[in-house]
Amino acid sequence: MSTSTDPAVLTAYTVVCRLDQIEVEGGVAALVGGVAVAIFRTHDGNVYAMSNYDPCSRASVLARGIVGTRGEIPYVASPMHKQAFDLRTGQCLDDAAIRVPTYDVRVADGMVLVGGPRQET
Amino acid sequence: MSPKHRKTLVVAGHGMVGHRFVQAAIERGLTETHDIVVVGEESRPAYDRVALTSFFEVGADELSFLPSGEYDDPRVRLVLGATVDGFDPETRTVLLSDAQGQESVLTYDELVLATGAAPFVPPVPGHDLDGCFVYRTIDDLEAIRDAAAGATVGAVIGGGLLGLEAANALAQLGLETHVVEMAPRLMAVQVDDAGGATLVRHIEKLGLHVHTGARTEQVLGAERVEGLALADEEPIPAEVVVFSAGIRPRDQLARTAGLDVAERGGVLVDERCRTSDEHVWAIGECAAPGGRMYGLVAPGYAMAEVVVDALLGGPGSFTGADMSTKLKLLGVDVASFGDAFAATDGALELVYADAVTGVYKKLVLSADGRQLLGGILVGDASAYGVLRPMVSSGIALPDNPEELILPVGRGGVELGLPDEAQVCSCNDVTKAQILEAVGEGGTCDSASCVTRCTKAGSTCGSCKPVVKKVVEEFFAAQGRVVDKSLCEHFPLTRQELFDVVAVHGYTRFDDIVEAHGRGRGCDVCKPTVASILASQLNGHVLEGPTRTLQDTNDAYLANIQRNGTYSVVPRIPGGEITPEKLIVIGQVAQDFGLYTKITGGQRIDLFGARMEQLPEIWRRLVDAGFESGHAYGKSLRTVKSCVGSTWCRYGVQDSVQLAIDLELRYRGLRSPHKLKGGVSGCARECAEARGKDFGVIATEKGWNLYVGGNGGATPAHARLLAGDLDRDTLIRYLDRFLMYYIRTADRLQRTAPWIDSLDGGLDRVREIVVDDALGLGSELEAAMAWHVDGYFDEWRETLDDPDKLARFVSFVNAPDTPDPNITFRAEREQAVPGESSGPVALGTTIPVGAPR
Ligand SMILES: Cc1cc2nc3c(=O)[nH]c(=O)nc-3n(C[C@H](O)[C@H](O)[C@H](O)COP(=O)(O)OP(=O)(O)OC[C@H]3O[C@@H](n4cnc5c(N)ncnc54)[C@H](O)[C@@H]3O)c2cc1C
Ligand code: FES
């Protein structure tokens, strides 16, 4: 979850939905700048966003996956073939070569805001 | 080889050994060069004669080795109900006659005699009266059963191994039973006096009358049997008499053709099982290698392999066989192996006897006490599996060999078998072969898989405990603990989790993982918990917090497809549908541009629905009277049916009605894996019911219930659980079977492997479901009744609930904008998924949030 408070950054954010529209350990898909983005909410109260596109199955489905933990890592399992993706980084936990783009996301006044794609770190 | 050079091989007799010969011929490629014609006198294809007595319990189907009546290899022709009347080695022809007495002639290049043996009936006066039987074929047993129906007392002449089996059968049929044996003890061939005496005590305790040292002088009666007259004893009254006074090889064909026969009967063959004519071979009980016939199946199987080998140009030979026997007679274990009578020079005997528990054990040791030569076990034969291989492998005995036969707890040692030790004598499988199957390069991960792949344990079953032990020891040595934990979050099996949830009455995943697990769950345990909660609570799968536990398909009540769209399958119970409903399905498909295909389960699958279209599609279907088909759930799919007696001129029962009733009864039932059923209206089995988890086949008297079938990558034929049931009993057994499966199976374990995994397999299921051995019957039935009463259509409820519907949107901020990543192309005039090469962005001109 991004903690940026820089007003210049905030303007680049899109309001996508109310927080209560996302179930705990559930996900929703949103259109952000014409792109399908999956937004998840975990049990510990965090919100994460990554591309909805599952590179393994080549389908736009990640928001519909099951959210859980692997060790300490919060992850979503692709609903297609169950590959696991780290919600924080988009890293595929079953294949080091695969990573899904993540997005800045924040919650304000009970609303969920999604920013631009994060730069690879 | 061109077809005209193909040779013809004729097999006379389709019994256990004839069948094994053909199997081996197919497996080892003999049919590449030979056409095989098998002629069998019995009306049925080969069956398990060793298990003949269980016919009364399980019926003929279960015993059959070839239920389809034909081999998979088209170059093998099976002619049943036909007899080989003679053959001529000069012209290499055999003379056949079929059931109608029609004669024909076949030419052969090679002839294999596998005609088995016939029971010997001593020529006492009255031996051919009505009510006299032998004990060899299924036909014999059917006749005995019919005769027993109107009788109260039966007698068996002969107290050998087979005679005791027959006595067992008569007792099972409810007759007061006498065993008359001329020798001074029972099972004279296998056990000594002390062992025989122990056996008599066991058998008399069970209410049978044993007469040893008793010679039958006459069968009494005018037309029908009335009793037996014995020398020096009072006559015995009896209405059913079974002769079991030994067997004689059926060597008449060879005698008539002028081939050599052994002095004491049997077609004389050399160590390659070749007769005195070079193109004629003999195997099984009709053959006498080196002048000796073998009345057990294992040597016959070995002979079958030897002849296939010889015909392929191989070096195999038959050099005698292990005559060890182990059986359970009337619940009493009896085993005899190796040199049981201490005939070897200087042999020592070591005896343990406990008159109170009725246990008698004897070991025969070499003069130096270092080697085991043989033994006899009565009352407790659990050591047989370890002892018998010790004889054949000749390994040195431990210092205190008496430990081997002392009861566990008073010593008793674990013995490492050498790799070359033969574990399964029926199928000649060594320990090394079992280790190979489970080791690296092998494909087996369990004892039941080893039995399937190596055949070890598949015949008499007496070696199964040792097979299991060898496999377990191997895994343990490898440090391969078979971890049954569901996943990293729960150190429990599915069954344990099921019980935990039931005992505590949990309704929420959070409570369960907090109390019994760790972390926040995963795509393995969450759907498992969802399924367990669904089975126990009967709630809606999209209700409240269980929603996020559901697997891909359950989460949207539809089946996800490769491009992220869904397929829709309305329920069509039993595959029966009106034209009006068919038209609705067609119109819905047309209006939404869906690809349509008929499924294997007799319904219609509509593909290519976007998630946001699902409610609209289902509104139309529900309004037309359809309901969810649960094609997306680990739950009952369909109960397939043939058209049954309503239309079919062969049908004997209304299979469609029963299929509909069963499908409606079990619809919506969540289970460890998908469940399929089938109902056939007659034995032709057009519904392929035996390929289903539960299959029902009509009989003249009611219904046969089969369980544990499936198609797919590891197909399995369903096996008979109970026969000739009326409708109510059938449903009661099915209720129990399904509920017990739901409670105890592993996650994603279909019924076939589940049954295999139970200790006792199908017999165990029968004990629980039919005999109600655990007393669970009414509880299981009540659980099913609760399911049936609580059923509702998931889709209809979803349509009525705005909360649940809210999730069926493409984008939370653009509910009706189709996902640009989903594309279609046309194939054979229908829409199919387009390929995606990467994420696609929608043009920024599309107004986000605006209606379509
Ligand atoms: C009740 C019972 C229990 C047994 N228990 C055991 C046991 O525990 N362990 C064990 O090892 N063995 C046991 N046996 C013995 C075992 O069944 C036989 O060893 C085995 O069946 C021999 O096989 P086979 O093919 O030689 O003979 P069969 O199985 O008898 O087959 C011969 C077939 O050839 C047919 N035939 C004969 N003549 C002709 C012809 N002219 N034309 C066409 N067809 C012909 C016969 O009808 C028969 O179907 C048992 C047998 C019985 C009856
Ligand atoms: S010893 Fe009979 S099946 Fe193995």
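The second largest cavity of this predicted model has a volume of about 80 Å³. A cavity is a set of points, on a 1 Å grid over the protein atoms alone, where a 1.4 Å probe fits but cannot get out, and lining residues have an atom within 4 Å of a point. Grid points are joined across faces, edges and corners, and a volume is the space filled by probe spheres set on the points. Of the 15 residues that line the second largest cavity, Arg64(A), Gly65(A), Ile66(A), Arg547(B) and Ala555(B) lie nearest its centre. Strand 2 (26-32) of chain A and helix 16 (552-556) of chain B each supply at least two lining residues, and the largest share, 3 residues, comes from helix 16 of chain B. Helices (H or I, at least four residues) and strands (E, at least two) are DSSP runs, numbered from the N terminus.

This is a predicted model, in which local features need pLDDT of at least 70 and side-chain atom pairs count only at pLDDT 80 or more, while totals for chains, interfaces and linings use all residues. Residues are numbered from 1 along each chain as its sequence is written, chains are lettered from A and ligands numbered from 1 in the order in which they are written, and side-chain values use heavy atoms, with hydrogens and water left out.

**Other enclosed and open spaces**

The structure holds 4 cavities of 30 Å³ or more. About 160 Å³ of space lies in the largest cavity. It has 14 lining residues, and those closest to its centre are Asn538(B), Gly539(B), Gly668(B), His787(B) and Glu794(B). At least two residues of this lining come from each of helix 15 (525-537) and helix 23 (777-790) of chain B. Domain 3 (494-550) and domain 4 (559-789) of chain B each contribute at least three residues to the lining of the largest cavity; the domain bounds come from an automatic or database domain assignment.

A pocket, in contrast to a cavity, is an open set of points with protein on both sides within 12 Å along at least five of seven lines. The second largest pocket contains about 1,100 Å³ of space. Its lining has 40 residues, with Gly59(B), Ala60(B), Asp61(B), Asn704(B) and Tyr706(B) nearest the centre. Among the elements that give two or more residues to this lining are helix 4 (138-149) and strand 35 (703-707) of chain B, while strand 36 of chain B gives the most, with 6 residues.

The table divides the three linings by residue class. Ala, Val, Leu, Ile, Met, Phe, Trp, Tyr, Cys and Pro count as nonpolar, Asp, Glu, Lys and Arg as charged, and the others, Gly among them, as polar.

| Lining | Nonpolar | Polar | Charged |
|---|---|---|---|
| Second largest pocket | 19 residues | 8 residues | 13 residues |
| Largest cavity | 5 residues | 7 residues | 2 residues |
| Second largest cavity | 4 residues | 6 residues | 5 residues |

**Aromatic pairs**

Over all chains, the structure holds 14 aromatic pairs. Rings of Phe, Tyr and Trp (its six-membered ring) pair if their centres lie within 6.5 Å; planes under 30 degrees apart count as stacked, over 60 as edge-to-face and the rest as tilted. Phe337(B) and Tyr384(B) form an edge-to-face pair, at 5.9 Å centre to centre with 70 degrees between the planes. Phe337(B) lies in strand 22 (residues 332-338) and Tyr384(B) in helix 9 (residues 384-393) of chain B, so the pair ties together parts that are 47 residues apart in sequence. Phe337(B) is buried at 1% relative accessibility, and Tyr384(B) is buried at 4%. Here buried means under 20% relative accessible area, exposed over 50%, and partly exposed in between (1.4 Å probe, protein chains only).

A tilted pair is formed by Trp795(B) and Phe808(B), 5.5 Å centre to centre and with 50 degrees between the planes. Both residues, Trp795(B) and Phe808(B), are buried. Ring pairs also join Trp795(B) and Phe808(B) to Tyr556(B), Tyr566(B) and Trp618(B) in a cluster.

**Cysteines and backbone**

A disulfide is a covalent bond between the sulfur atoms of two cysteines, and the cut-off applied is a pair of cysteine sulfur atoms within 2.5 Å. The structure holds 0 disulfides over all chains. The sulfur of Cys56(A) is 4.9 Å from the closest cysteine sulfur, in Cys92(A), which is too far for a bond. Cys56(A) is partly exposed, at 27% relative accessibility.

Phi of His630(B) is near 50 degrees, a positive value in a residue other than glycine. His630(B) sits in the loop between helix 18 (614-623) and strand 32 (636-641) of chain B, and is buried at 0% relative accessibility.
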